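Here's a short walk through one chain, from its overall layout down to a few individual residues. Have a look at the model first, then read on.

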Amino acid sequence: MNLYLYSLIVALHVVSLTFCAGPVLALALVPGELSPLAAQRLSRVAGFGLLGVLLTGVAAVAMSGPAFIHTWWLRLSGVLFLVIGGLTGWLRRLTRTPGSGDRVRTVAWVITACLVLAVYLMEGKPF
């Protein structure tokens, strides 16, 4: 395994996470009703960040071979990814609905909590 390439992929994985978590956290923290165009743009960037997380995560697992594929922390992270993906799709739909600021914030907070848990699983590798 080429460690330089693996390190690059992991760094891109973290950057992709930032592109996903940053806009979601912004949607969670906005105090009032955000303009629909801005909310849609933020949710779109989060979706692209999530796609980057998927691609770089799959690449990192493929490069590590069978070392992590059977670990429970990776499996739970995969399930969390699916949950986050579904919630991100719901968030994008909510941003197109006028007057849904409270629901957008709630979903954004749930996505943020799931992302925090996934990061803990990836870094802590508790089991």
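What follows goes from the fold to the surface patches, then to side-chain pairs and a few single residues.

## The overall layout

Keep in mind that this is a predicted model. The chain has four helices and zero strands, so reading from the N terminus the order of elements is simply α-α-α-α. Helix 1 takes in residues 3-29, helix 2 runs over 36-64 and helix 3 over 72-95, and helix 4 covers residues 101-124.

As for dimensions, the C-alpha trace spans about 50 × 25 × 20 Å along its principal axes. The chain has 127 residues, and 33% of them count as buried.

## A positive patch

Which residues make up the positive patch on the surface? They're Arg41, Arg44, Arg92, Arg93 and Arg96. Two helices are involved here: helix 2 and helix 3 each supply at least two residues of the patch.

Take arginine 41 as an example from this group. Arginine 41 sits in helix 2, and its relative accessibility of 48% is under the 50% that an exposed residue has to pass, so it's classed as partly exposed.

## A nonpolar patch

The surface also carries a nonpolar patch, built from Phe48, Leu51, Leu54, Leu55 and Val58. Together these residues have about 500 Å² of accessible area.

Is leucine 55, one of that group, buried or exposed? Leucine 55 is exposed, because its relative accessible area is 55% and the cut-off is 50%. Leucine 55 belongs to helix 2.

Helix 2 has a buried side to its story as well. Glycine 52 is found in helix 2 and has a relative accessible area of 15%, so it counts as buried. In space, glycine 52 is 19 Å from tyrosine 120, C-alpha to C-alpha, with their positions 68 residues apart in the sequence.

## One aromatic pair

The count of aromatic pairs comes to one. Phenylalanine 68 and tryptophan 73 are the partners, with ring centres 5.4 Å apart and 65° between the planes, which makes the pair edge-to-face.

How do the two partners compare in exposure? Tryptophan 73 is buried, because a relative accessible area of 6% falls under the 20% limit. Phenylalanine 68 comes out at 28%, so it's partly exposed.

## One salt bridge

Side chains of opposite charge can pair when their charged atoms come close. In this model there's one salt bridge. It joins aspartate 102 to arginine 105, and the closest N and O atoms are 2.5 Å apart. Both residues lie in helix 4, three residues apart, which is about one turn of the helix.

The two ends of the bridge fall into separate exposure classes. Aspartate 102 has a relative accessibility of 55%, so it counts as exposed. Arginine 105 has 17%, and because that's under 20% it counts as buried.

## Around the end of helix 4

Glycine 124 is in helix 4, and a relative accessible area of 42% makes this glycine partly exposed. Glycine 124 also brings us back to the aromatic pair: its C-alpha is 8.7 Å from that of tryptophan 73, although the two are 51 residues apart in sequence.

Lysine 125 is in the segment after helix 4. What's notable about its phi? Phi of lysine 125 is near 45°, a positive value in a residue other than glycine. Most residues other than glycine have a negative phi. Lysine 125 has a relative accessible area of 38%, so it's partly exposed.

## The start of helix 1

Leucine 3 lies in helix 1. Its relative accessibility is 55%, so leucine 3 counts as exposed. From leucine 3 to alanine 38 there are 35 residues along the chain, and the C-alpha atoms of the two are separated by 39 Å.

Methods
Residues are numbered from 1 along each chain as its sequence is written. This is a predicted model: local features need pLDDT of at least 70, side-chain atom pairs count only at pLDDT 80 or more; totals for chains, interfaces and linings use all residues. Side-chain values use heavy atoms; hydrogens and water are left out. Patches are made of residues with over 30% relative accessible area and no salt bridge: like charges are joined within 9 Å, nonpolar side chains (Val, Leu, Ile, Met, Phe, Trp, Tyr) within 5 Å. Accessible areas come from the Shrake-Rupley method with a 1.4 Å probe; for residues, only the protein chains shown count as cover. A salt bridge is a side-chain nitrogen of Lys or Arg within 4 Å of a carboxyl oxygen of Asp or Glu. Lys and Arg count as positive and Asp and Glu as negative; His and the chain ends are not counted. The place of a charge is taken as NZ of Lys, CZ of Arg, CG of Asp or CD of Glu. Buried means under 20% relative accessible area, exposed over 50%, partly exposed in between (1.4 Å probe, protein chains only). Rings of Phe, Tyr and Trp (its six-membered ring) pair if their centres lie within 6.5 Å; planes under 30 degrees apart count as stacked, over 60 as edge-to-face and the rest as tilted.
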